[in-house]
Amino acid sequence: MAVRLTSLEVMRDAPVIPVIVLTEVAQAVPMARALVAGGIRMLEVTLRTPVALACIEAIAKEVPEAVAGAGTVRSAADAQAAQLAGARFAVSPGYTHAVGKACHDLGLPLLPGVATGSEIMMAQEDGYTALKFFPAMQAGGAAMLKAWGGPFGDVVFCPTGGVTAGNARELLALSNVLCVGGSWLTPADAVAQGDWARITALAREAVALR
Ligand code: 3PG
């Protein structure tokens, strides 16, 4: 049985959590190995394609150096299915008490998505203080995170959404940002073409951001 992680451990492992969309199960293992080769182990596989759970299962079974997580978790059922497939953390695009409670009951670390003060307060009420800020760049970016640092000084964030190699450094420099999330490490064309060397290179560059 794999060691249970905390959300802080998930966030502190590397400067970037890749947000991954896979359309074929066969892509999962080589992609995970490519990211691990570049120094990125925490992998958020989004539950957006019919093969997502099978991809999580393949990574969990065949790439022990990686930690497969599930993204786009929107319900208690998503969280249960993700854990059953082998996901060791969950990321949600928003927050509901139902998702918060399900992950708590499952012992599945959750990075809940928030975009407003009220959502931060709701997540905090349920014990969550390590949050995903989504969609980060569209909803205020670094300026928003600085503003939240006042009233929510005890909360840390993983901004995701519109984050790129170009703006990640500015976000990572903020004291309330532990890591960022983004899809730029796994471009759709590189995944489709099986250009794993490019993904390893992107992962290496991401590790060097901090
Ligand atoms: C998502 O959920 O799609 C992520 O936030 C990724 O956003 P990005 O493609 O802008 O990195």
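Trainee: Leaving aside its neighbours within four places in sequence, which residues is Asp78 in contact with?

Mentor: This is a predicted model, and in it Asp78 touches Leu47, Thr72 and Val73. Those pairs are called contacts because they have heavy atoms within 4.5 Å.

Trainee: Where does Asp78 sit, and what makes it partly exposed?

Mentor: Asp78 belongs to helix α4, residues 76-85. Its relative accessibility is 23%. Buried needs under 20% and exposed needs over 50%, so Asp78 lands in between and is called partly exposed. If you want a distance to check, the C-alpha atoms of Asp78 and Leu108 are 12 Å apart, with the two positions 30 residues apart along the chain.

Trainee: Back to Thr72. What makes its backbone worth a look?

Mentor: Thr72 has a positive phi, about 60°, although it is not a glycine. You'll find Thr72 in the loop between β3 (67-71) and α4.

Trainee: Why is Thr72 called buried?

Mentor: Its relative accessible area is 12%, and the cut-off is under 20%, so buried is the right word. Beyond its sequence neighbours within four places, Thr72 is in contact with Glu44, Thr46, Leu47, Arg48, Asp78, Val91 and Pro93.

Trainee: How many disulfides are there?

Mentor: The count is 0. Cys103 is in none, and the nearest cysteine sulfur, in Cys158, is 15 Å away.

Trainee: And how do you know that Cys179 has no bond to Cys158?

Mentor: The sulfur of Cys179 is 3.5 Å from that of Cys158, its closest cysteine sulfur. A disulfide needs the two sulfurs within 2.5 Å, so this pair is too far for a bond.

Trainee: Are Cys103 and Cys179 buried or exposed?

Mentor: Buried. Cys103 has 0% relative accessibility, and Cys179 has a relative accessible area of 0%. Set those against the under 20% limit and the label follows.

Trainee: What makes you say that the buried residues of α7 line one face of the helix?

Mentor: Start with the list: in α7 (residues 141-148), Gly141, Ala142, Leu145 and Trp148 are buried. Looking down the helix axis, they fall within an arc of 125°, so they line one face.

Trainee: What does the face turned away from that side carry, and what do the buried residues pack against?

Mentor: The face turned away carries the exposed residues Ala143 and Lys146. The buried ones pack against β6 (113-114), α6 (117-125), β7 (130-133), β8 (156-159) and α8 (168-172).

Trainee: Which peptide bond is cis, and what is its omega?

Mentor: The one joining Phe134 and Pro135, with omega at about -5°. Pro135 is in the loop between β7 and α7.

Trainee: Let's do pockets. What is the volume of the second largest one, and which residues are closest to its centre?

Mentor: The volume is about 290 Å³. The lining has 20 residues, and Val19, Ile20, Val21, Ser183 and Thr186 are the closest to the centre.

Trainee: Which elements give two or more residues to that lining?

Mentor: β1 (16-20), β9 (180-182) and α9 (188-193). The largest share comes from α9, with 3 residues.

Trainee: How does the lining of that pocket split by class?

Mentor: There are 9 nonpolar, 9 polar and 2 charged residues in the lining of the second largest pocket. Watch out for glycine if you redo the tally, as Gly goes with the polar class.

Note on methods. Residues numbered from 1 in each chain as written. Predicted model: local features only at pLDDT ≥ 70, side-chain atom pairs only at ≥ 80, totals over all residues. Heavy atoms only, no water. Buried < 20%, exposed > 50% of the residue type's maximum accessible area, 1.4 Å probe, protein only. 1 Å grid on protein atoms, 1.4 Å probe; cavity = no way out; pocket = protein on both sides within 12 Å on 5 of 7 lines; lining within 4 Å. Points joined across faces, edges and corners; volume = space filled by probe spheres on them. Helix = DSSP H or I, 4+ residues; strand = E, 2+ residues; numbered from the N terminus. Arc of directions from axis to C-beta.
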